[in-house]
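Work through the exercises below with the sequence and the structure open. Try each task before reading its solution.

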Amino acid sequence: MVDGAQAPTDLLDSVPLVVLEATRSLLRLQTVADARRVAEGLVRGLGGTLVATAADSAGVLPTDISFGDGDPLLPAALPGSAARALLVRYLDPFLLDARQALQLSGRTERLAESASTDVLTGLPNRRMLERALGRLTDDDTVIMLDLDHFKRINDELGHAAGDEVLRAFGKVLRANVRGRDVVGRFGGEEFVIVLAPPSGADAVLTRLRAEWLIHRPHPITFSAGIARSVGDADQTVRLADEALYKAKDAGRDQWGWATARVAPVEEPRDYVQPYLDEAVVGRRQPAIRLALDLLDNRVPREHIVDDLLAAAQREVGERWHRNELTAADEHLASGVAAAALDALSGEANPRAHDGLTVVTCAEGDWHSLAAQMFGESLRARGVGVTVLGASTPAAVVAEFLARAGADSLAISCSVPIFLPGAAHLVDAAHRQRIPVIVGGRAFGTDARRAERIGADAWALTARDAATILAGWRSSPPTIATETIPLAPLALRLAAQADELGGIAFGHLAERFSPMAVYDDRQKARTREDLVFIVQFLAAAMLVDEAIFAGFLGWLQALLVYRGVPRQGLITGLEVLRPLVEAVDADAARLLDAGHQLLVDELV
């Protein structure tokens, strides 16, 4: 395979006309079929081709553009080509905008079947209440209400009178709760209020009773039971229900508080494997249905994102690394995860948030799914969030921060070679006095890498990030406006990675005899590996030397799983060594250490 030329700089300095036209078309989207058609045109307009997910080629990008309309479809372009650079830069942000446009227009695959409102009262129905209950925090309060002797109204005055009572009660309920509270019809003549702190449940019910006496169409009262959240939605509802029936037994037209009990600890069920069984073969609907069924059964949305979708993606990556899944399987699973996340996002919005955190990938990082999951987890935990697309340049992010009035920036980074891009984003945000929190696999398991690029905080999980961001709203951190210096030789090494990898590829073909029978796909993968070695070496010199050793261990295991002799990687480091030393002697020292480690393991 002939190496593709680097993308000309002028092609990336301005937005291509085909991208602008595709973006304008988002205003006219009617169906997912429209979205797919526009995405196909954008890929071709940027110089790419389209292939089925069964294709296993080094040029395929792991981005399904089908929107669930027909068979999955992936873009492809030669590694190193101008078309690939343009696709990496513009396609993922466009697809994210398209999904959001479909969601806002009410035409996602899930919204068509999602009935969230009780027709009679206009309140959220049982299904939506279940989801609100699934988001209970320890400070929330649940009130169960029941109209007293409602059956008499139906029996003596008819069902039309009963419907009139229900409509009137729903109207009074809606008028007497705060915007951040949730109220809905639980079923029959039962209603539920979920009060956010401060609850003031007695005051709410006192006000509700007074308003009901004025507006009720027939002489009927209500009883209520109140329970503070005990950490388990089902247990809290049972406590409120028991308090309700105690109030009824005591004579009705009154309310009482439940006596709290500790919720029993139950072993969580494993939903990852059933989900993966559907996702890796591209069966979107069953996988999405499983995620939404969990939502219907009061599993908090942040748990579905963290413990199902994110966990499944990690498992897919590990199985691909062990050669148990193909690249096509990985692409399919990623497309299903994006669709499931869209479906979750399209459901009832969480309560109103204070402030705005902009979530973005590190500059150059195309792994937007991780950032979208991170953003959704933050949103479900009460953080106001806007998620930008993949590979968004620092200048564009800075402009958006100012225009949106954001009070913080959150950077997600999956691959360490993009940490310099994260540093650029940190600098851009700090120039506007906006604090930055970072997270993702590339940042490791402690705060050292985050500190190295100048971030104000690091979080291992979305829960930790939400806690830090909440603290910033009351006590913003001190912002350092000085640019964090990055080693110039290491930056030069990163810039020349593709060139050095190509030269090393020619030398490796001369020294490593198994390459004589490699097909074009294997040759392209080998060249990519050499480029990645240089890129990870540069990232290690810029941020943390441990990055390189970790990558070598991962790459060696990958090659072993695929039947490549261990000597191949050793020889690859040897042919790279003089090329690296000519750019950065310290990087050559680190490469020598990695080489010696592999040689020792081989012996």
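**Exercise 1. Which residues of β8 point one way, which the other way, and are they buried or exposed?**

Step 1. T357, V359 and C361 point one way from β8. V358 and T360 point the other way. In a regular strand, side chains alternate between the two faces of the sheet.

Step 2. Check the burial. All of these residues are buried. Strand β8 spans residues 357–361, and five of its five residues are buried.

Keep in mind that this is a predicted model.

**Exercise 2. Find the strands that are joined to β8, and give a bridge partner in each.**

Step 1. Take β9, residues 385–387. Three bridges join β9 to β8, and the two run parallel. V359 has V387 as its bridge partner in β9.

Step 2. Follow the chain between these two strands. From β8 it passes through helix α14 (residues 368–380) to β9, and this β-α-β crossover is right-handed.

Step 3. Take β10, residues 408–412. Five bridges join β10 to β8, again in a parallel run. Here C361 is partnered by S412.

**Exercise 3. Classify the ring pairs F169–W212 and F536–F551.**

Step 1. Start with the count. The whole structure holds six aromatic pairs.

Step 2. In F169 and W212, the ring centres are 5.0 Å apart and the planes stand at 75 degrees. Plane angles over 60 degrees count as edge-to-face, so this pair is edge-to-face.

Step 3. Place the two residues. F169 is in helix α7 (residues 159–175) and W212 in helix α8 (residues 201–215), so the pair ties together parts 43 residues apart in sequence. Both F169 and W212 are buried.

Step 4. Turn to F536 and F551. Their centres are 3.9 Å apart, with 5 degrees between the planes, and the pair is stacked. F536 belongs to helix α21 (residues 520–542) and F551 to helix α22 (residues 546–561), 15 residues apart. Both F536 and F551 are buried.

Step 5. Look for a cluster. Ring pairs link F169 and W212 with F191 and F222.

**Exercise 4. Which rings have R126 and R562 over them?**

Step 1. The charged end of R126 sits over the ring of F186, 3.7 Å from its centre.

Step 2. R562 lies over the face of W320, at 4.8 Å from the ring centre.

**Exercise 5. For three salt bridges, find where the partners lie and whether they are buried or exposed.**

Step 1. Again begin with the count: a search of the whole structure gives 25 salt bridges.

Step 2. R185 and D118 meet at 3.3 Å, N to O. R185 is in strand β4 (residues 182–187), and D118 is in the loop between α4 and α5, 67 residues apart. Buried means under 20% relative accessible area. R185, at 15%, is therefore buried. So is D118, at 14%.

Step 3. D148 and K248 bring their closest N and O atoms to 2.9 Å. The loop between β3 and α6 holds D148, while helix α9 (residues 233–249) holds K248, 100 residues apart. D148 has a relative accessible area of 3%, so it is buried. K248 has 8% and is buried.

Step 4. K151 and D155 meet at 2.7 Å, N to O. Both lie in helix α6, four residues apart, about one turn of the helix. K151 and D155 are exposed.

Step 5. Finish with a network. Salt bridges link E315, R319, R322 and E324.

Conventions:
Residues are numbered from 1 along each chain as its sequence is written. This is a predicted model: local features need pLDDT of at least 70, side-chain atom pairs count only at pLDDT 80 or more; totals for chains, interfaces and linings use all residues. Side-chain values use heavy atoms; hydrogens and water are left out. Rings of Phe, Tyr and Trp (its six-membered ring) pair if their centres lie within 6.5 Å; planes under 30 degrees apart count as stacked, over 60 as edge-to-face and the rest as tilted. Buried means under 20% relative accessible area, exposed over 50%, partly exposed in between (1.4 Å probe, protein chains only). A charge sits over a ring if NZ of Lys or CZ of Arg is within 6 Å of the ring centre and within 35 degrees of the ring normal. A salt bridge is a side-chain nitrogen of Lys or Arg within 4 Å of a carboxyl oxygen of Asp or Glu. Two strands pair if DSSP finds at least two bridges between them. A crossover is right-handed if, with the strands pointing away from the viewer, the path from the first strand over the helix to the second runs clockwise.
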